[in-house]
Amino acid sequence: MNRERIKSFFGNRTVKILLIAAAALLLLLAVWKVFFRATDKPTPYEATAQEERLSNLLSQIEGVQNATVMISLADGAPVGAVVVFDGADSILTRIRVIDVASNALNLKKELILVYPS
């Protein structure tokens, strides 16, 4: 008797539509949670003391008004650097920035990337 009641309950067209709608809603919720979850806001980058010192040093070069430095480290030692500067965008200014940064970090000149802003 119970089995017949369950069959007739699930045999009802309205119940089938409601079950399919509920399953679709759960699936939509799962997809939203996986693919559209709120991402954490990136934390602002804070320069290290070494980057600040190098930025101040590079800002004293003729043709460079303001310099921002980001140093890449591996096992605590510098392995590369990126320098972004405001000022005169000339090849001479770029060469000076590369020379000073490579000497200050004791790196090959090829490992210093320089970009004018």
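1. Let's start with how helices α3 and α4 cross: in this predicted model, their crossing is right-handed. Helix α3 covers residues 49–59 and helix α4 covers residues 91–105. The two pack at an angle of about 145 degrees, and their axes lie 10 Å apart. Those two values are worth noting together, since two packed helices are described by the angle between their axes and the distance between the axes.

2. Which residues make the contact between α3 and α4? From α3 come Q50, L54, L57 and L58, while α4 brings V97, V100, A101, A104 and L105. Sorted by character, the residues of this contact comprise eight nonpolar, one polar and no charged. If you have the structure open, these names are a handy place to begin looking.

3. Now for the overall layout. The protein has four helices and three strands. Reading from the N terminus, the order of elements is α-α-α-β-β-α-β. Helix α4 is followed by a loop and then by strand β3, residues 112–116. Strands β1 (64–74) and β2 (77–87) are joined by a loop too.

4. How does the radius of gyration of the protein compare with that of a compact globule of 117 residues? The protein has 31 Å, whereas such a globule would be near 13 Å. The box filled by the C-alpha atoms tells you about the dimensions: roughly 95 × 30 × 25 Å along the principal axes.

5. A few totals help to fill in the picture. Of the 117 residues, 19% count as buried. The protein exposes about 9400 Å², and carbon and sulfur atoms supply 61% of that area. Taking contacts between residues at least 6 apart in sequence, 45% join residues at least 24 apart.

6. Some pairs of residues give a feel for distances across the model. R13 lies in helix α2 and counts as exposed, because its relative accessibility is 66%, over the 50% cut-off. The C-alpha atoms of R13 and M70 are separated by 65 Å, with their positions 57 residues apart along the chain. A22 also belongs to helix α2, which spans residues 13–35. With a relative accessible area of 38%, A22 is partly exposed. From A22 to N106 is 64 Å, C-alpha to C-alpha, and the two are 84 residues apart in sequence.

7. L73 offers another such distance. Its place is in strand β1, and L73 is exposed, with a relative accessible area of 51%. Between L73 and R5 there are 70 Å in space, C-alpha to C-alpha, for a separation of 68 residues in sequence. Setting aside residues up to four places away in sequence, L73 touches P78 and V79.

8. Is T93 buried or exposed? T93 is buried, because its relative accessible area is 3% and the cut-off for buried is under 20%. This residue is part of helix α4. Beyond residues up to four places away in sequence, T93 touches E62, G63, V64, F85 and A88. Of these, V64 falls in strand β1 and F85 in strand β2, going by the ranges 64–74 and 77–87.

9. I98 sits in helix α4 as well. At 21% relative accessibility, I98 counts as partly exposed. Outside its neighbours within four places in sequence, I98 is in contact with K109, I112 and V114. Two of those partners, I112 and V114, fall in strand β3, residues 112–116. I98 and P44 are 26 Å apart, C-alpha to C-alpha, and 54 residues apart in sequence.

10. Finally, have a look at two backbone angles. Most residues other than glycine have a negative phi. D75 has a positive phi of about 55 degrees although it is not a glycine, and D75 is in the loop between β1 and β2. D75 is exposed, with 85% relative accessible area. N106, likewise not a glycine, has a positive phi of about 60 degrees. The loop between α4 and β3 is where N106 is found, and at 69% relative accessibility N106 counts as exposed.

Note on methods:
Residues are numbered from 1 along each chain as its sequence is written. This is a predicted model: local features need pLDDT of at least 70, side-chain atom pairs count only at pLDDT 80 or more; totals for chains, interfaces and linings use all residues. Side-chain values use heavy atoms; hydrogens and water are left out. Axes are lines fitted to C-alpha atoms, for helices over the stretch in contact, and angles run from 0 to 180 degrees between N-to-C directions. A crossing is left-handed if the near helix is turned anticlockwise from the far one by less than a right angle, and right-handed if clockwise. Contact means heavy atoms within 4.5 Å. Ala, Val, Leu, Ile, Met, Phe, Trp, Tyr, Cys and Pro count as nonpolar, Asp, Glu, Lys and Arg as charged, and the others, Gly among them, as polar. The radius of gyration is taken over C-alpha atoms; the globule rule is 2.2 Å times the number of residues to the power 0.38. Buried means under 20% relative accessible area, exposed over 50%, partly exposed in between (1.4 Å probe, protein chains only). Accessible areas come from the Shrake-Rupley method with a 1.4 Å probe; for residues, only the protein chains shown count as cover.
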